[in-house]
Amino acid sequence: MLEEVFKFLNLRELRKKILFTFFIFLIFRISAHVPLPGVNLVALRDLFSRNAFFGLFDLFSGGALQNFSVVALGLNPYINASIILQLLTMVIPSLEALSKEGEYGREKINQYTRLLTVPLSLFQAYATYFLLNRQGIVDTLPPIKLVALTLALTAGTVFLVWLGELLTEKGIGNGISMLIFAGIVSSYPQLFGQTLQTINSENISNIFILAVLAILLVAGIVFVNEAVREIPIQYARRVRGGKQMGGSETHLPLRVNSAGVIPIIFAVSLTLLPSLVSQYLKNIPNSKVVDLANLLANVFNPNSISYNVIYFLLVVGFTYFYTAVTFNPDKVAEDIKKYGGFIPGIRPGRSTSEYLNNVLTRITLAGAFFLGLMAILPSIGQNITQVNTVTLGGTGILIVVSVVIEVIKQAQSLSLMSDYETFLK
């Protein structure tokens, strides 16, 4: 293991990417501690310690919301914009056609996502101000200062999106996922410290149970992320110009969890929205609206059974959705047929597409249910052990482990490319 690490560090290109990634992390963490004026930080932190919704929201901002910094909104508006564009791609023919145009199509959709992020950030910035103002944490601001505050929070989100794209281009890993990873990891020392303070002779066995569950959770995520179903592909022998071509045999790897960490991020973003809306509706002077707000707050309380059921179903649904977006059985079957390949026992063309779709549906079911179970397992563990300080850690562990695996794979790819270049020289 150590030899592998030293081998990675000896690669000049990889070292540059790692150093650039840490540089971006440093900028992100500094930004998370640049507070905006007019906020009672003591009261704000007290609210976060008492409110599970705000605690979960702050988890993905890396503590920036608790500090009410310029990047307090985090990447949530961008993630919500990505979800909306993905859904629109499925229902608007022009966007669907654009998504199939390769690199150009992806770049255009990314541009639309960035543009949509701005109005979503403006709305979320005002909603955050409104909620905190009703709690007496943020001063009532005149229109000009309110506009300045809203624009500052929006600019913070746009800045993080730019950092994420810069990190994707020049750093290691997916930039957006890496920034979310950095925000989650930065909260772990505080969570561990709070957990250690709660240890006594009465609950030490519960702490041990929670630690075992965490280890099983990490092991399960690694196992599922690495699991693949290999579909055998054979290529017929052909003779061209007196030369024999083809006749080889290979395989098509179908991952059990081909969607990676994206379904979890999407699911968390959607489960946060109803709670945010409920906090807003509670202040409207209408009894029916207040009743609706209380219903939403109870249903989407992170400690409730309904929240965990909805969270589980959203993870499963988004796993299927994202897999369907990223893997097109018709196109794969057409490519196999184009190059003279076939799956043994399956006719090329439509039959191959149906076979791939059936296999992918079955293995994705296993991966989706596993991800959903892993997402709610920490809540189950918290109810069993009554250790409240790490209630929010499960979603974070899912994202952290998945991102680490992706980074390791990218590092291995760079190492392999370096070995090939050395061999060619």
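This short presentation concerns a nonpolar surface patch and the helix that supplies most of its residues.

Good morning, colleagues. Please bear in mind throughout that the model is a predicted one.

I begin with the overall picture. The protein has 425 residues, and 46% of them count as buried. Its secondary structure comprises 16 helices and five strands. If we take the contacts between residues at least 6 apart in sequence, 73% of them join residues at least 24 apart. The accessible surface amounts to about 22,400 Å², and carbon and sulfur atoms account for 64% of that area.

I turn now to the patch. Which residues make the nonpolar surface patch? They are I84, L88, M90, V91, I92 and V325, and together they form a patch of about 450 Å². Helix α5, which spans residues 76-91, contributes the largest share, namely four residues. One residue of this helix is I84. With a relative accessible area of 33%, I84 is classed as partly exposed.

Next, the packing of this helix. Two packed helices are described by the angle between their axes and the distance between the axes. For α5 and helix α13, residues 305-326, the axes come within 11 Å and cross at roughly 60°. This crossing is left-handed. On the α5 side, the residues that meet α13 are I83, Q86, L87 and M90. Their counterparts in α13 are F318, F321, Y322 and V325.

I close with two residues that link these topics. M90 and V325 both belong to the nonpolar patch, and both also appear where α5 meets α13. Thank you for your attention.

Definitions and conventions: Residues numbered from 1 in each chain as written. Predicted model: local features only at pLDDT ≥ 70, side-chain atom pairs only at ≥ 80, totals over all residues. Heavy atoms only, no water. Patch = residues over 30% accessible without salt bridge, like charges linked within 9 Å, V, L, I, M, F, W, Y side chains within 5 Å. Areas by Shrake-Rupley, 256 points an atom, 1.4 Å probe, with all protein chains shown as cover. Salt bridge = Lys/Arg side-chain N within 4 Å of Asp/Glu carboxyl O. Helix = DSSP H or I, 4+ residues; strand = E, 2+ residues; numbered from the N terminus. Buried < 20%, exposed > 50% of the residue type's maximum accessible area, 1.4 Å probe, protein only. Contact = heavy atoms within 4.5 Å. Axes fitted to C-alpha atoms, helices over the stretch in contact; angles between N-to-C directions. Left-handed = near helix turned anticlockwise from the far one by under 90°.
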